[in-house]
Each structure stands twice: as structure tokens, then as C-alpha cells.
Amino acid sequence: MKQSIVLDLSKLPAHGLGAASLTWWGTLAFMLIEGTGFALSIVVYLYLMSLAPQWPLNAPPPDLLPGTALTALLVASFLPNILVARWAGQQNLEKVRVGLIIMSLLGVAPLIVRIFEFPAMHISWDQNAYGSIVWVMLGLHTTHIITDLIDTVVLTCLMFSRHGDNPRRYGDVSDNAMYWNFVVATWLPMYICLYWVPRL
Amino acid sequence: MFGDINDAKWSFLATFLLVVAGAAFLGWAQQPRELRTDPPLVADLDRFRLMSNSIGGSPPESYFAEGKPYESDAYNLSQGQRLYTWFGCQSCHGDGRGNVGPSFLDGWWLYGPEMVSIVASIRDGRPHGMPAFRDRMTIEQIWQLAGYVQTIGAYSTKVAATGRRDDRHTRPAENRAPAKILFNEGPVGAHPDQGPSP
Amino acid sequence: MRTARILQLSIIAAVAGCSGNQSALDPQGAPAIHVEHLIIGITVICAAVWLLVMIVLGWALLRKRPSDSSQPGERSLTISVGSAVAATVIIITGLTIASFYTTRGIGLPENAALTITVRGQQWWWQVNYADPDPALSFQTANEIHIPVGQDVRVQLESADVVHSFWVPSLAGKQDLVPGRSNSLLLRAERPGIYRGQCAEFCGLQHTHMAMMVVADKPADYERWIAAQRQNGVMPTDPDAVAGKVAFLSKPCAACHTVRGTPATGTTGPDLTHIGSRKTIAAGLLETTRGSLAAWIADPQTLKPGNNMPMVPLTSVELRDISAYMESLK
Amino acid sequence: MTIREDGQNLRDTGLGEIELDHRLSATWSTPSGLWGALSSVDHKIIGRRYIVTAFVFLALGGLLAMAMRLQLSQPEARFIGPDRYNQIFTMHGTNMMFLFAVPVMEAMAVYLVPLMVGTRNIAFPRLNAFSYWMYLAGGLLLWIAFAVDTGPDIGWFAYVPLSGPQYAAGKRADIWAQMITFTEVSALAVAVEIVVTVFKQRAPGMSLDRIPLFVWSMLVTSFLIILAMPAIMIASSTLILDRLVGTHFFNPAEGGDVLLWQHLFWFFGHPEVYIIFLPAVGMVSTIVATFTRRPVFGYLAMVMALVATGVLAFGLWVHHMFVAGLPRLGESFFTASSMAIAIPAGLQIFCWLATMWAGRPVFRTPFLFVIGFMVIFVIGGMTGVMVASVPFDTQVHDTYFVVAHFHYVLVGGAVFPLLGAIYYWFPKITGRMMSETLGRWVFGLIFTGFNLTFFPMHILGLQGMPRRIYTYQPEMPWSGLNMFVSLSAVILAAGFLLFFIDAIRSSATGATAPANPWGASTLEWATSSPPPPYNFARLPVVGSLEPLSNNPETLPVASGLSVDRRELIVSSVVEALPEARESSPDNSIWPLWSALATTVLLIWSIFTPWAVVWGSIPVSIALIGWFWPKGTPEDDA
């Protein structure tokens, strides 16, 4: 088949940023998958609650302190995260490096608090269905924190390597920041569900 | 589908078919789940040898030839789990932690943890209240039950161990080595007096 | 309406010609009859629609096309497709309404005179006829008697996994779900024996988990109830007398109950009146002394994986026990 | 950053055809040899592997079906015992749903969607490679387990408590549940790739209203996968947790619920049907358009019907639970929604009929399969309307009527279009034509064999024959029809055998195919058969829904892309206006390592929960290796 050139694209950038980047859309799609997973876990929680004669089953409501502290930490991490995304958009290497280190620390901190959150539930996963769903929800969210933390740490290393100063990396940093926002945002309904619904 | 772009595809297909064929061969050689044990083999189960102190002993030869099915086969262990309920073992032994009868989870086996002595305990009964089940269960059921009892008291998890039952939760499930977990959680205290040693 | 009736009849003739006593097309109870009407109605409508689509398909493919290449108007195609969709909507709505009314017709009435509790087990049916007076309550297995022409409420529970209670000639099916309690309206219009079978996969012997529903005339039903309330008969036949002794001394008694004897096991079916039941082993075999002996001798060959063990018996013991079982009318 | 420091940034603008082909091949081709094959990320190579593997699983699943038909051909047959039979029917269902139907549809998309939207590779090609290895590992896990007599025996629906810790001894149920994880990971990965490919990699000018219907159908399917599969992931994970660490999700004695499993399973399980059926809708539309020599009537209506089906698919799941004892009022709502889905399905059928009526049909093999699809699928749709009615369903649920129903829907609705699609796209994929003569025989045998096999099952079901029974007693009136069904299955099997013979023979010795043997109008036919590694020497520019029919001689293309690195065009979602020249990742072995590490983790975690902790270390290492830049032009430019 003969070809006739009707369009010249040589002026286009060699890498798309934001909504013009494939990874941005890929991250969005994975967020949709995982968001569905989180939503379903909440549905399972409410379903089991609707069957139970009293809720929580054979346990006092969870202690508020660790969960609230974690929520505060996550919400607090929101601001530096936005800043990192902005600096990545400006392709400012120094600021992005600093921001990523801060975000790595802010990824470790909730994990430490999370350790205290499991016992604050006053129930173990194998005691009854309430314990099971509570542990699974916490576990599900913990894996997301860990995944994003690993991603952040790897990106931090990358930004200090010779591969760092590159629009593609900045794109990765802002995608990672978007994913962290997702991890924070999904926690809020789970926090309400785990800590406040049993107190209703 | 089998175009000529890449030579490696045949090696893929060949590997794939080889794996499937190999697996099929394995399957051919594999014993299926035994729902009906041969009557002579069952009869043999009664012929284990017990030492004079009624503690140790050796199972019949055929038991080894079959690959110790009552300790390692998941189906037999799960049958044992049912028999534990059906024959009312809880009424004396509770969920395994004992009640009127001794516990299986405290690491203390009055007659040793060997299969034959557990089988002998169930079949022939023991002093201080353990009745003989000789006339209430078949010998194969006794072996299945003994395998289950041995599993819940084991300090390492058996791969074939049963999971939790669809019932009230009282202790960790069999496939999590409940004896080990409960032991690690804290001392069970001095072993209660279960009468004079045999 | 008449043509529809003729169509219905011809379909029944074609399909139901060889149906036995376990068939949705041979309904003998009000719920099943309602559903059968719905089945036939929907089938006729759907068959007509299918035929129409096929005619259009054939015509669209094979019609003679004008030799010039003029395209038919999009407008007429749009109208045709649009009206076909509209027709679909109308038919679908009609069927939904019909289905809704049938659902109301087969629902449980508020107060059924008789409630029977059926408890599904791997792989048999425990049947309880409860009475406010415990002495009048009794348990049986795999055979349910109901009085003809009466609404019977069957309460469905499960002892282990999910089963499904299905007697197609009398009613549609309903699951027995562990931890939940369902119920079903059962009603027979005329006396007979209706076979049912577990319809939800429940493990190794899902295949052999049948039950018989016997619809009796009211007098027969009362007689049956009275007989079932009795304890197991004392055997008189010497074989059966020996059989009772063997039964009580062997593992049999650990799992089975024969009321009036020391045998009080609850793991297996109640055998107090096993000799009076039509079948043994959940519909596997007809109850005869021979089949009882075959079953007791080697249950794992007849029904592999079921929970009855093969108890080693001498041939004399086997003969005696089966004589005893048969005598438990 | 558009110009590299070393000055190597050669564009295709001024290059001649031979020079261009040479340069692009150097950049895009997969190296020969085993290592090259293992690290390939070419969507065509992976798509082909996917298709072949899925058809191998189809053949294996077919053998299982024949084994079941042998056992059921006469009452109280003893060819297969209950334990093996339960494994066989579980394997048949699981295999056909998770290892054949969903993967094969995605495989066709992996191969075709990038070509049809006019790009050079699928989005996230390494993820694509990873997804294939995961799929293969999951399939092997299931089949090797079956071969060593540890195949799952709990039904493809794995209802608790039968599949739970108390009643499913051993690792059989865990293998089923973990196989789900494998296939879901791979299906979700492909779904993400398809969504992003369709959204962002369409050829310049291919605005939303110029997307081929097959691509639309795959887009909707991918969204269904993304929204439905998390449910089964949660279900299978909680089942494993119940079995392994003693959680109580499905234990009624501790606040769990048996029906929770059924809700979760069918919340996935019903959309699953449309995940399989919607791609077939796309295939049918494509074939109908080509062989009636006109575009499908009602493009917009077809797209709306696809979307409507996708949305409604999530509102039907309870119709699988009509006899579970849920409140009747709720059930009636689900009757209405289940019936309502007949409306978009009907709309599609009517649009195809209108297309056939208005067009000039050419009766080649692919089109024959589409006609067969119309005949069979409409019956399946009608029986679907029947089982949507609660009272009707109480009589036929879990009987052979339902077996007949869903084979009419899935085989008639998906496998017939798929076979047509294979005959249709075979020349594109292999560069060779399949035999028209054999094709007609294949169609005749499969069509006859299918109807003779499955139609009588409707009657068997109404006569009271339940599903999943390994035998039946001679006094039941089922033996005659069962023998008939078993014999008919031989005809059906012969048809499939002939199909495999034809496919294998044609791939080696079939007539060479031109670029566009059918005179079709979508973009995949604008390049050679089989396509070069880079798909299109210059990426096409699209001006209409049927880019090849306006001017069959000349293809309008875009220029200005680099030939030194793998480069393709990223375009805007709605208008498909070019936004960037994006690089596409190079070959890599890391997806294979990642898949192997994940496989170890998943299989190990059947045995101990600690596998999740220790097994995630190699997985993390492999993933870092995957994403760490290697200094190639694709990574750094």
C-alpha cells in the first residue's frame, strides 16, 4: 500500500507529561482496580455488620488513638506530597530530591503507627468474622503503603543516580505522588468504617 | 499462529507439551484418593505390635508400604476431624486442651506421641476413664482419628493438616500447630495430675 | 388461546412423553403446576421470537438483490430496527410481569398446617416431624410423607455444606444453607411417590442424595404418623433377634438410632423404621433384605466416599443384621 | 530534551522505504534465540503465544468434556469414579472460563488492538509479557495439580463451605483459589494495557466515533474486567485465609456468612459472561462488515448497546442465587434487570440483521461462523430470558437445562465468533490462508455436533436431571438422551479436531496471504501479512470510520518519528490529536523474572502465610530490575 505523508510530527515532544503520559493513565487504571478492591472490602465489612446481632462482634470498639494518629500523619503527608508533585512538574532536581526523602520518611512513619493499630482492634483475625475483616482491611491498606514506600525509596535512589535529571523520571515522581494521594484518600473511608461505624 | 517470525516458538510449544505430558505421566503413576481401602489392608491395621508397657510399638508393614496414609494424607486427617466430633471426643478432651481427660496440646503425651500408641489408646482404652472404642469404630476410623489427634498435638505444622472447623472458635486451627502457639503464648503451668504413670 | 393450548399439548407430548416421577414437566402439586404453565408460556413465546428472527436472517441473507448498486434507505432500516427493539421491550415487560405473578402464586401461605424440618447432610436427608409434645416428635430419613391436598411447609436447614431440596413434580427447588433457614411450600394434588434429588453440588456423593416424597390420603397419612411414632419393633424372627444383638454390639449403634434400644447414635440416619422406607442409602437401592445386606457389606463400593464405614462382619452377622433391619417396619 | 547529546536522532521523514524498513527492523525486532524469545515484548509475539496457549487449554478442556460424556453415556457407568469426576467437571469449567475464554479474548485484543488503532506496540509491553508468563504459570499450576490427582474438586464456583477448611481436605481448593489469582493478575494487566492503548495510542485522527467496533468492545470488556475481577480476587483471597490462617469470613458460627461467598463470586461471575461475550460482539461486527461489503448499521447504537450491556452486567448477579433463599422482592428486581439486558443484546442482533439485509453477503468461512452464531446465540438468549424468571429458575437451576443454556450462550455466543475470527485474522497473523474447503467442513461439523449435543440437554434438565452428577440410576428416564448426547459430542469433537488440523497445516503450507485478502477496511489490513515488528513503517492518519475503504490504494500517514528508538504517537483521548512522540519500552527479561518470583510467592503462600513476607523480597528485586533505567534511548530520551 502506497503511503502519502499528510502530517509532520517532528515538532512533538519526545515524552508526554501528565495526561499525555501513558504511565499516568496506567496508574489511574491500577488505582481504579485497587479502589474497587477497597470499596468491596468496605462492602464486605458492612455486609457482615448487617448480619451480626451486635457490632463489633465480641469485642469493644477499637481504640481511637493509633488509627487517628495514622490518619493525621497521612493527611499531613498530603502537603509535602503536593509540593513534590509541583517540584517534579517544574523539573527542579534539588527540591525533588529533598521532597522524596521527606516522603520516604513520611511513608515509614505510618507503618510504625500501623504496628500499634492492629492490637488496638482488640481482636485477632481468627476470633470471629469481625476480626477477620478488620485485619484484612488493615492488611490491604498496609500493603499499599508498603508498595508506595518501596516505589518512593527506589525513586529517591534514582534521583540521586545519573538517570535522575530526566523528564521521564519527573513524570514517574509525579505519578508516584498521585498514587500516594490515592493511598491517603482510600484510607479516609476505611478509617471511618473501622473506627467510627462500630461506635454508631 | 505458527508463523515464521521467531524460531523460539517451537521450543515454547515443545516445553509446554512436555510439561503437560510429564505431568500426565505423573498422574498416571499417582495413587488416587482412597475412598475404599482394601479389606485385607484394613484388617492389617489391627496387627500393629505394641511394646509391653503399651507405649511404643510398630505399625504393620503394609502401613509403611502405603506411605503412612493416616498421618500424611489430608483426606484421612479430615475424616479424623469429623470422627473427633461424631464420637464425642470433646466431652472429655474438649477442643484438644483436655477437660475430664488429658490435653493433647500441652506437649505431654502420657503414652507417647507415636501413632500406634494413640491407636491403642482409642481401640483398647486406657486406665482412668478412657473407654475402648473397639466396638464403636472400625479400625480404619480409629487410625484416621489417631492421625488427627496426633496432628493437633504436633509442634510443627503438617502440610496435610486440616483447617479450622465451621464452628465456634476456641483455639488456633490444626494447620497452624495449635500446640506450639498455645505453648509459646505462655506456660501451661504445672502438668495437672492425671493419675499415676502407666 | 386455543392454538396456544394445542401448541402446549404438542410440546408436552414431545418432551414429557418419557418423563418419570422426577420431572418439571409432570407436575402433581400446585406450585409445580403454576411454574409449568409459566415454562410453557415463556417457551412458546421465545420459540416464536426465535423463529421470527431466523426467518428474517434467512431472508436478509438470501433475498434477491437489485442488480444496481443502490443502497436501501438508512431511514427504513432505522424504523425496522427501532420497532424490533420496541417489540423486544414489550415482550420482555410482559414476561417479567408474568414471572412476577407466578412468583406470588408459589409463595408460602401464612399458616401452613404442617411443618416438616429437613436437614441436609452429606449425603442424606434428615427429616424431623416435630410436635409440641416431644414424645410425639420423631425423626426419619430420606422419605417424607405428606397428606394429599394440604399445604406443607418444609423448613430447610443444613448440617454441613449447601444442598438443594428439589422435588420437581411438586415444587421448584430451594437451597439448604448452613447458618440459615429457608422454607418451601410443598403440596401434592394426588397420592403418589415423587422422587427428589439434591440439586446443589455437595461433594463426593452429590449424585446419590435422593429422597422420596410420598403423598398419602389423609387416613393413610395418619396411620403412617402413628406407626412412625412407635419405637422400633422387637424382632421375633430368630435371624432378626440375633441381628439385633449383633447390631448393638458392633459399631453400627454408635452412629445410628433405633428408638427403644440402646442404639442412640446420631451421625447416621435414624433406622427405627428403616424397613418401612421405600429405599435405603438416600434413594440408592430399593429396600430389600438383599440390598440391605449388599449395602452393609460394602457401602464404599456402592456409594464411594460416603460416611458409612465398611464394618467387618461374618456372613452370619451380615445376614442377621440385614434381617433385623428389614424387620424394622 | 528532544535532541540527544550525541546527535543520534534520526527521523523517518526523509528515509526511503527500504532504508526505513531496515532501520525500524533494527530498532523493533525481537532477537532470535531462546533469550530473545523469553525477553520479547512485541505484542504480536506475545499475542500469538497467548492465542496458541489458550487453544491448547481449549483442547485439553475438550478432552475433559469427552471424558465426562463417556461416563454419562450410560447409567451407572464406572469409567470414572466420583472423586475423579468431580475434579474433571471442576477442571473443565475452571479451565474453559479462566484459562481459555477470558485469555483467548484478551489475546486476540493483545494482537489486534494495537494494529487496529494504528500503533506500534501495546501500552506497557513489559507488563504484557509479564501477564503472559503469569497466565502460563497459573495454567500449568492447575493442570499439573490435576495430573497428580490434586485437581480442585469443588466446582468452578467453589461454594463454601464445601470449598472451605472443613470440607475440602488437602490443597485442592487452595490450588483453585490461587490459580484464580494468577489468571486475574494477568487479565487485569491486559485490561489496563488495552484501556491505555485505546485511550492514548490511537492513530492521529481516530476520534472516538472512528474507533472500530472490535476495539470498542474490547475497551468495554477491559473496564468490566477492571471492575469485576477485584471481587473474585477478594473472594479467593479470603477463602485461602479461611483455609490457611483460620479467618471466619464464611463461618456462620463466628459471624461469617456462606452467602457472602456467593455474592462475591457472582458479582464477578456474571460480568464474566459479558467479559467473554462482548469481544465476540466486536468480532461479529467486524466480520459482518467485511463480508456484507458495508459498514455495520447503527454504529452509535452498537456502541451504546456495548456500554449498556457493560453497565447492566453488574446488576444481574443475584439471578444465580434465586434458590438460595434471598427475599423474594429483591429477587424480582433482579428478574427485571436480567430480562432488561435482552434489550441491548436484541438491539445488536437487529443491527447485524439490518446490515446483512442491506449488504451483499459473501459466504466465506468466517461469515458462516457468524451465521451459526446468530442461530445458536439467539436460542441461548431466549433460554437466558427463561432462567431470569424466578419461578422458572426454581425448576431449572442447577439442572442440565442450565448446562444447555450457558453452552448456547458461551459456545454459540463466543466460540463461534472466535472461530470465525481465527479464520478471518489467520492470514494477518501467519501470512497464510486457512483452507476454505476444510473451513466449511469444520463449520458444518461443529454446528451440527453442537446442536445435537446441547439441545437435548434442555429436555434432560426439565426431566429432572441435576448438574454435576457422576452417574444416574437406570430407572431414571435419562439414559436414551444421554447416549444420544454423548454420540453427538463425538461429531462436535471431530469438528474441533479438523479445525486444529486445518490451523496447524495452514500455518505451515497454506496459500500465502496478501496484505488485505478480504478487502476489509480496518487498519490492521493496511500493513503486510504478517505485520513487520514495527507494525507500520509510518503511522497511519485516520479520516473516517473505515480508513481503508475510502482510498484502498494510498494510506495517509504521519512522519517525523525517530527511528533510533522505539517510538510511537501518544494522542488525546477524544479527538486523537497527537500529543507526544512517546518511547515504547525495549525487550527485557525482567518481566519473566518477576513472573517467576511472583509464581514462587503465590504457590508458596498456599502452604504458609510467611511466604507473603519472604516471597515478596525476590518479587521486589525483580520489579526494581524491571523499572530501573538501563540507559537505553527508550528509557532516557
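In the predicted model, helix H7 of chain D is followed by D:Gly246, a residue with a positive phi near 80°. The helix itself covers residues 213-244 of chain D, 32 residues in total. At 1.5 Å a residue, a span of 46 Å would be expected, and the separation of 45 Å between the end C-alpha atoms agrees with that value. A bend of about 30° is nevertheless found in H7(D) at D:Ala228, and D:Pro230 is a proline that follows within four residues. With regard to burial, 32 of the 32 residues of H7(D) are classed as buried, so the helix is largely enclosed by the rest of the structure.

H7(D) also takes part in the contact between chains. The contact of chain D with chain A draws 56 residues from chain D and 45 residues from chain A. On the chain D side, at least two residues each are supplied by helix H6 (172-200), H7, strand S1 (554-559), strand S2 (567-571), strand S3 (578-583) and helix H19 (610-627). The most is given by H7(D), which contributes seven residues to the side of chain D that touches chain A. By class, the residues of this side comprise 33 nonpolar, 13 polar and 10 charged.

Strand pairing also links chains A and D. Strand S1 of chain A, residues 2-8, is joined to S1(D) by six bridges, and the two strands run parallel. Within this pairing, A:Lys2 is placed opposite D:Thr554 of S1(D). S1(D) is thus an element of the side of chain D that touches chain A and a partner in a parallel pairing with a strand of chain A.

Across the complex, five pairs of chains are in contact, and the most contacts are shared by chains C and D. The contact between these two chains takes 67 residues from chain C and 65 residues from chain D. On the side of chain C that touches chain D, two or more residues are given by each of three elements of chain C, namely helix H2 (30-62), helix H3 (74-105) and strand S7 (174-176). The residues of that side divide into 37 nonpolar, 24 polar and six charged. Chains A and C, by contrast, are joined by no contact, and their closest C-alpha atoms lie 11 Å apart.

Within chain C, strand S10 (residues 210-216) is paired with two other strands of the chain. Strand S4 of chain C, residues 143-147, runs parallel to S10(C) and is joined to it by five bridges. In this pairing C:Pro147 has C:Asp216 of S10(C) as its bridge partner. The pairing between strand S9 (residues 192-197) of chain C and S10(C) is antiparallel and extends over six bridges. Here C:Gly196 is bridged to C:Met211 of S10(C). S10(C) is mostly covered, with five of its seven residues buried.

Two residues of chain D illustrate proximity in space between positions separated in sequence. D:Ile18 is located in helix H1 of chain D, which covers residues 17-28. This residue has 8 C-beta neighbours inside 10 Å and therefore counts as exposed. The C-alpha atoms of D:Ile18 and D:Ala537 are 10.0 Å apart, although the two residues are 519 residues apart in sequence. D:Arg505 belongs to helix H16 (residues 479-509) of chain D. Because 15 other C-beta atoms lie within 10 Å, D:Arg505 is partly exposed. Its C-alpha atom is 9.1 Å from that of D:Ser435, at a sequence separation of 70 residues.

Confidence was assessed for the complex and for individual chains. The predictor assigns the complex an ipTM of 0.93 and a pTM of 0.94. Chain D has a mean pLDDT of 93, with 98% of its residues at 70 or more. Residues 1-7 of chain D have pLDDT below 50, and this stretch has seven contacts in the model beyond near neighbours in sequence. For chain B the average pLDDT is 82, and 79% of the residues score at least 70. Over residues 1-8 of chain B the pLDDT is below 50, yet this stretch has 27 contacts beyond near neighbours in sequence. Residues 194-198 of chain B likewise have pLDDT below 50, with eight such contacts in the model.

Technical notes:
Residues are numbered from 1 along each chain as its sequence is written. Chains are lettered from A and ligands numbered from 1 in the order in which they are written. This is a predicted model: local features need pLDDT of at least 70, side-chain atom pairs count only at pLDDT 80 or more; totals for chains, interfaces and linings use all residues. pLDDT is the predictor's confidence in each residue, from 0 to 100. The expected span of a helix is 1.5 Å times one less than its number of residues. The bend at a residue is the angle between axes fitted to the seven residues ending there and the seven starting there. A residue is buried if 20 or more other C-beta atoms lie within 10 Å of its own, exposed if 12 or fewer, and partly exposed in between; C-beta atoms are placed from the backbone. Ala, Val, Leu, Ile, Met, Phe, Trp, Tyr, Cys and Pro count as nonpolar, Asp, Glu, Lys and Arg as charged, and the others, Gly among them, as polar. Two strands pair if DSSP finds at least two bridges between them.
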